[in-house]
Amino acid sequence: MNEQRIAQAAVNSLHAEVLLAPKPGLVDPESNGAHRDMDVTTFEASIDALAPYFTQYLHAGLAAKTVPQLYQTLRAIGIDAENAMLTATHGVNTHRGANFSFGFLLGALGWLLQQNTLQEVVAAEFAPLFPAVAQVAQGVAGDFRHLGDKAQLSHGEALYVKHGVTGVRGEALAGYPTIREIMLPYLQKTTTQGDLRYLRLMVHLMAQVEDANLLHRGGLAGLRFVQNAAKALLYVSDMRLPNALRTLNAEMITLNLSPGGTADYLSLAYFFDALSLLGTRTA
């Protein structure tokens, strides 16, 4: 069934992202990047814990009667999924942002599939998906309005208070402009395949994304350092790119910088590529 294949594609995408190497500042089979509390094994445990909830997100969209109902269902599933992740990783945040994004994307996709085929969504270059995500995610706006009532803020909430950065919540509310304007155009125009396809995308994302994890770890100076370094890598040849990424990894470890937001988008890139194939095969 398409539903099972879609949910499994999301799980496979997380596996593919963590195994992609070399990724500066991030966990991969070559290095733990700027992380001392996690490695590939930690990520694999996290993915296994999250996998059943990805199916639930999609089914919630397929079964929902109204958008507000879908939002509340996705929120409840998301809390359970995050708790399962933290239990599996002994409290380490491996996939909080990815879980958030996959929850809304899978839920909105399920909502669309009530009236459309996957082939139709893919053929339209996923255009219907992003307004659907923005509509479902409207309940998230309340997260920003009530920050003053919270005794303790998350890293993302603290960044909003300090820098006005809305992070992944803002992306969902706006229908994921980073996916629409950076990621999908790259995936659609590039002829590069294999690991280089995603390593090149990673560099494009690092050069442009307002990465909340970089802001948390290094402030504006850390974010600008990574963006400028990535812009320089845009012009490096395919042959030299892996070693250039390893050199940048060493620098980012020293500076304790990790582009976690880029990692989340990389997993989504694998997912959208898989959806494109599924949509074509069911045509």
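Me: At roughly what angle do the axes of helix α1 and helix α14 cross?

Reply: Happy to help, and keep in mind that this is a predicted model. Helix α1 covers residues 2-19 and helix α14 covers residues 260-281. Their axes come within 8 Å, and they cross at roughly 140°.

Me: Are α1 and α14 oblique or roughly antiparallel to each other?

Reply: Start from the crossing angle, which is roughly 140°. To count as roughly antiparallel, an angle has to be over 145 degrees. The two helices are therefore classed as oblique.

Me: Is the crossing of α1 and α14 left-handed or right-handed?

Reply: The angle alone is not the whole description, so let's add the hand. For α1 and α14, the crossing is right-handed.

Me: Which residues in α14 does α1 meet, and how many residues of the contact are nonpolar?

Reply: On the α1 side, the residues are R5, I6, A9, A10, S13, L14, A16 and E17. They meet A263, L266, S267, Y270, F271, A274, L275 and L278 in α14. By class, two residues of this contact are polar and two are charged, while the nonpolar ones number twelve.

Me: Is S267 buried or exposed?

Reply: S267 lies in helix α14. Setting aside neighbours within four places in sequence, S267 is in contact with S13, L14, E17, A98 and F102. A residue is buried when its relative accessible area is under 20%. S267 has just 1%, so S267 is buried.

Me: Which residues does I253 touch, not counting residues up to four places away in sequence?

Reply: Let's move to another helix: I253 lies in α13, which spans residues 241-255. With 37% relative accessibility, I253 counts as partly exposed. Not counting residues up to four places away in sequence, I253 touches S31, G33 and A34.

Me: How far apart in space are I253 and G139, C-alpha to C-alpha?

Reply: Along the sequence, 114 residues separate this pair. In space, the C-alpha to C-alpha distance between I253 and G139 is 37 Å.

Me: How many helices and strands does the protein chain have?

Reply: Reading from the N terminus on, every element in the run is written as α. The secondary structure comes to zero strands and 14 helices.

Me: What is the radius of gyration of the protein chain?

Reply: For 283 residues, the globule rule gives 19 Å. The chain's value is close to that, so the chain is as compact as a globular protein of that length. The radius of gyration is 18 Å.

Me: What share of the residues of the protein chain count as buried?

Reply: The C-alpha atoms fill a box of roughly 50 × 50 × 30 Å along the principal axes. Of the 283 residues, the buried share is 52%.

Methods
Residues are numbered from 1 along each chain as its sequence is written. This is a predicted model: local features need pLDDT of at least 70, side-chain atom pairs count only at pLDDT 80 or more; totals for chains, interfaces and linings use all residues. Side-chain values use heavy atoms; hydrogens and water are left out. Axes are lines fitted to C-alpha atoms, for helices over the stretch in contact, and angles run from 0 to 180 degrees between N-to-C directions. Helices (H or I, at least four residues) and strands (E, at least two) are DSSP runs, numbered from the N terminus. Angles under 35 degrees count as roughly parallel, over 145 as roughly antiparallel, 65 to 115 as roughly perpendicular and the rest as oblique. A crossing is left-handed if the near helix is turned anticlockwise from the far one by less than a right angle, and right-handed if clockwise. Contact means heavy atoms within 4.5 Å. Ala, Val, Leu, Ile, Met, Phe, Trp, Tyr, Cys and Pro count as nonpolar, Asp, Glu, Lys and Arg as charged, and the others, Gly among them, as polar. Buried means under 20% relative accessible area, exposed over 50%, partly exposed in between (1.4 Å probe, protein chains only). The radius of gyration is taken over C-alpha atoms; the globule rule is 2.2 Å times the number of residues to the power 0.38.
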